[in-house]
Amino acid sequence: MSVARVSIQTADFDLSQEVAALRDGDKRVGAVCSFVGTVRDRNDGSTVASMELEHYPGMTEKAIEAMIDEAHERFDILGARVIHRVGLLQPLDQIMMVAVVSAHRGQSFEACEFLMDYLKTQAPFWKKEQTPEGARWVDARVADDAALARWGISAPNA
């Protein structure tokens, strides 16, 4: 069974089901690395009541697909899956996941971190937090740009 590499969705996801689909009985898989991001209740010193995410359908998926292609070129991985939620989310909600499978753990760890560093700075999402002070848009941070730069990608955002 072939599973989509990228899903942008409003619905929640089940990490164990996603990893099982990514592995799909492939006996070459010796390592699975995953990351799940959740909505925090605080950011930049303020309480966060909710977060709303927007994206450009089609453009967002294409950009993430290209980065997964890049991960396949850079690392010896067998597969990768990215899910990112959009719409209105509350603290504790899962917001996104990256899962990578490979024969050995080092390649999975590196590819997962590479994809996360990309997603934090380059994926075309717009995030708006609701705080006691009102709504505010969330920008990429300088530290996120530095994380991406270690992969040889320079794209200042903050």
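Is Arg28 buried or exposed? Let's start there, everyone, with the structure up on the screen. At 54% relative accessibility, Arg28 counts as exposed, because the bar for that is over 50%. Before I go on, please keep in mind that this is a predicted model.

Arg28 also has a partner. Its side chain meets that of Asp26 in a salt bridge, at 2.6 Å from N to O. Asp26 has 25% relative accessibility, so Asp26 counts as partly exposed.

That brings me to the charged pairs in general. Side chains of opposite charge can pair when their charged atoms come close. In this model the count comes to seven salt bridges. I'll show you two more of them.

Please find Glu65 and Arg5. They form a salt bridge, and their closest N and O atoms are 2.5 Å apart. Glu65 sits in helix α2, while Arg5 belongs to the segment before β1, so this pair ties together parts that are 60 residues apart in sequence. Glu65 is partly exposed, with a relative accessible area of 26%, and Arg5 is partly exposed too, at 23%. There is a third member to add: Arg5, Glu65 and Asp69 are linked in a network of salt bridges.

Now turn to Arg85 and Asp12, whose side chains meet in a salt bridge at 3.6 Å, N to O. This pair also links distant parts of the chain, with Arg85 in strand β6 and Asp12 in the loop between β1 and α1, 73 residues apart. How do the two partners sit? Arg85 is buried, with a relative accessible area of 8%, whereas Asp12 is partly exposed at 47%.

Let's go inside. Which residues have the most contacts inside the largest nonpolar core? They are Ile64, Val98, Val100, Phe114, Leu115 and Leu119, in a core of 33 residues. At least two residues of this core come from each of β1, β5, α2, β6, β8 and α3. The largest share, seven residues, is supplied by α3. If you want one residue to click on, try Leu119: leaving aside its neighbours within four places in sequence, Leu119 is in contact with Ile64, Val82, Met96 and Val98.

There is also a second, separate core of eight residues, which includes Phe13, Leu22, Ile83 and Val101. Let me stay with Val101 for a moment. Val101 is found in strand β8, and at 1% relative accessibility it counts as buried. Beyond its neighbours within four places in sequence, the contacts of Val101 include Leu22, Val29, Val32, Ile77 and Ser108. For a sense of scale, Val101 and Ala71 are 30 residues apart in sequence and 12 Å apart in space, C-alpha to C-alpha.

Another buried residue to look at is Ser50, in strand β5. Ser50 has a relative accessible area of 8%, which means buried here, since the cut-off is under 20%. Not counting residues up to four places away in sequence, Ser50 touches Leu88, Leu89, Gln90, Pro91, Lys128, Glu129 and Gln130.

Back out to the surface, and to some aromatics. A pair of aromatic rings is described by the distance of the centres and the angle of the planes. The count here comes to two aromatic pairs. In one of them, the rings of Tyr56 and Trp126 have their centres 5.1 Å apart and their planes at 80°, so the pair is edge-to-face. Tyr56 is in the loop between β5 and α2, and Trp126 is in strand β9, with their positions 70 residues apart in the chain. Trp126 is partly exposed, with a relative accessible area of 35%. Tyr56 and Trp126 also belong, together with Met59 and Trp137, to a nonpolar patch on the surface, with about 460 Å² of accessible area for the four together.

Last stop: the backbone. Which residues should you look up for a positive phi? One is Asp44, at about 50° although it is not a glycine. Asp44 is in the loop between β3 and β4, and it is exposed, with a relative accessible area of 59%. Another is Leu92, with a positive phi of about 85°, and again not a glycine. Leu92 has its place in the loop between β7 and β8, and at 77% relative accessibility it counts as exposed.

That's my tour. Thanks for listening, and I'm happy to take questions!

Methods: Residues are numbered from 1 along each chain as its sequence is written. Side-chain values use heavy atoms; hydrogens and water are left out. Patches are made of residues with over 30% relative accessible area and no salt bridge: like charges are joined within 9 Å, nonpolar side chains (Val, Leu, Ile, Met, Phe, Trp, Tyr) within 5 Å. Accessible areas come from the Shrake-Rupley method with a 1.4 Å probe; for residues, only the protein chains shown count as cover. Helices (H or I, at least four residues) and strands (E, at least two) are DSSP runs, numbered from the N terminus. Buried means under 20% relative accessible area, exposed over 50%, partly exposed in between (1.4 Å probe, protein chains only). Contact means heavy atoms within 4.5 Å. A nonpolar core is a set of buried Ala, Val, Leu, Ile, Met, Phe, Trp, Tyr and Cys residues joined through side-chain atoms within 4.5 Å. Rings of Phe, Tyr and Trp (its six-membered ring) pair if their centres lie within 6.5 Å; planes under 30 degrees apart count as stacked, over 60 as edge-to-face and the rest as tilted.
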